[in-house]
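Visitor: Could you walk me through this model, one question at a time?

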Amino acid sequence: MRQLAPLLLALALGGWALQRAFAPPPLRYPGPTTALFDRLDPNGDGRIDAEEYARQSPPGSPLSAVDADGDGALSPWEVELLYLTVDPVWLFAAPR
Ligand SMILES: [Ca+2]
Ligand SMILES: [Ca+2]
């Protein structure tokens, strides 16, 4: 068991480093983004899934086009990225 300790520590540190490396950056505008995201996420599970996206997006706008990490849903970071890219004014002017 004593010989496994360095290996377990290395695995833990490696997992932490990978998580940090692939974690999205912090929101640039957390207040407006969170307010908008909460409105777009009616079930409140913290992700906009394909069904929620289809109900609220323009026809012909595939989720895959805006799903930056390809996990099949939108996170607050991806919603902020989308609005800052497509229509930054809407991020701040959207009805709450
Ligand atoms: Ca949701
Ligand atoms: Ca995603």
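Guide: Happily; we go from the whole chain to its helix packing and then to single residues. This is a predicted model, in which local features need pLDDT of at least 70, side-chain atom pairs count only at pLDDT 80 or more, and totals for chains, interfaces and linings use all residues. Residues are numbered from 1 along each chain as its sequence is written, while chains are lettered from A and ligands numbered from 1 in the order in which they are written.

Visitor: What pattern does the chain follow, read along the sequence?
Guide: Helices (H or I, at least four residues) and strands (E, at least two) are DSSP runs, numbered from the N terminus. The secondary structure comes to five helices and two strands. Read along the sequence, the pattern is α-α-β-α-β-α-α.

Visitor: What percentage of the residues in the chain is buried?
Guide: A residue is buried if 20 or more other C-beta atoms lie within 10 Å of its own, exposed if 12 or fewer, and partly exposed in between, with C-beta atoms placed from the backbone. The chain has 96 residues, and the buried share of them is 11%.

Visitor: Among contacts between residues at least 6 apart in sequence, what share joins residues at least 24 apart?
Guide: Two residues are in contact if their C-beta atoms, placed from the backbone, lie within 7 Å. Among the contacts you mention, the share that joins residues at least 24 apart is 58%.

Visitor: Which elements give two or more residues to the largest nonpolar core?
Guide: A nonpolar core is a set of buried Ala, Val, Leu, Ile, Met, Phe, Trp, Tyr and Cys residues joined through C-beta atoms within 7 Å. The largest one here has six residues: Leu36, Phe37, Ile48, Leu74, Val79 and Tyr83. The elements that give two or more residues to this core are helix 2 and helix 4 (76–86).

Visitor: Over what arc do the buried residues of helix 2 spread?
Guide: An α-helix has 3.6 residues a turn, so residues three or four places apart point the same way. In helix 2, the buried residues are Thr33, Leu36 and Phe37. They sit on the same side of helix 2, because the arc they cover around the axis (taken from the directions from the helix axis to the C-beta atoms) is only 100°.

Visitor: And which residues are exposed on the other side of helix 2?
Guide: The buried residues of helix 2 have helix 4 and helix 5 (88–93) among what covers them. On the other side of helix 2, the exposed residues are Gly31 and Arg39.

Visitor: How are helix 2 and helix 4 oriented: roughly parallel or roughly perpendicular?
Guide: Axes are lines fitted to C-alpha atoms, for helices over the stretch in contact, and angles run from 0 to 180 degrees between N-to-C directions. Helix 2 and helix 4 have axes 10 Å apart and pack at an angle of about 105°. Angles under 35 degrees count as roughly parallel, over 145 as roughly antiparallel, 65 to 115 as roughly perpendicular and the rest as oblique. Helix 2 and helix 4 are therefore roughly perpendicular.

Visitor: Which residues of helix 4 does helix 2 meet?
Guide: From helix 2, the residues involved are Thr33, Thr34, Leu36, Phe37 and Leu40. Their partners in helix 4 are Pro76, Val79 and Glu80.

Visitor: What elements cover the buried residues of helix 4?
Guide: Those buried residues are Pro76, Glu78, Val79, Glu80 and Tyr83. Their cover includes helix 2, strand 1 (48–49), strand 2 and helix 5.

Visitor: How far apart are the C-alpha atoms of Val79 and Phe37?
Guide: Val79 lies in helix 4 and is buried, because 20 other C-beta atoms lie within 10 Å. Beyond four places in sequence, Val79 touches Thr33, Leu36, Phe37, Leu40, Ile48 and Leu74. Although 42 residues separate Val79 from Phe37 along the chain, their C-alpha atoms are separated by 7.0 Å.

Visitor: What is the C-alpha to C-alpha separation of Thr33 and Leu91?
Guide: Thr33 belongs to helix 2 and counts as buried, because it has 20 C-beta neighbours inside 10 Å. Leaving aside neighbours within four places in sequence, its contacts are Leu27, Pro76, Val79, Glu80 and Leu91. Thr33 and Leu91 are 58 residues apart in sequence, and their C-alpha separation is 6.7 Å.

Visitor: Is Ser75 buried or partly exposed?
Guide: Ser75 lies in the loop between strand 2 (73–74) and helix 4. Not counting residues up to four places away in sequence, Ser75 touches Pro24 and Arg47. Because 19 other C-beta atoms lie within 10 Å, Ser75 is partly exposed.
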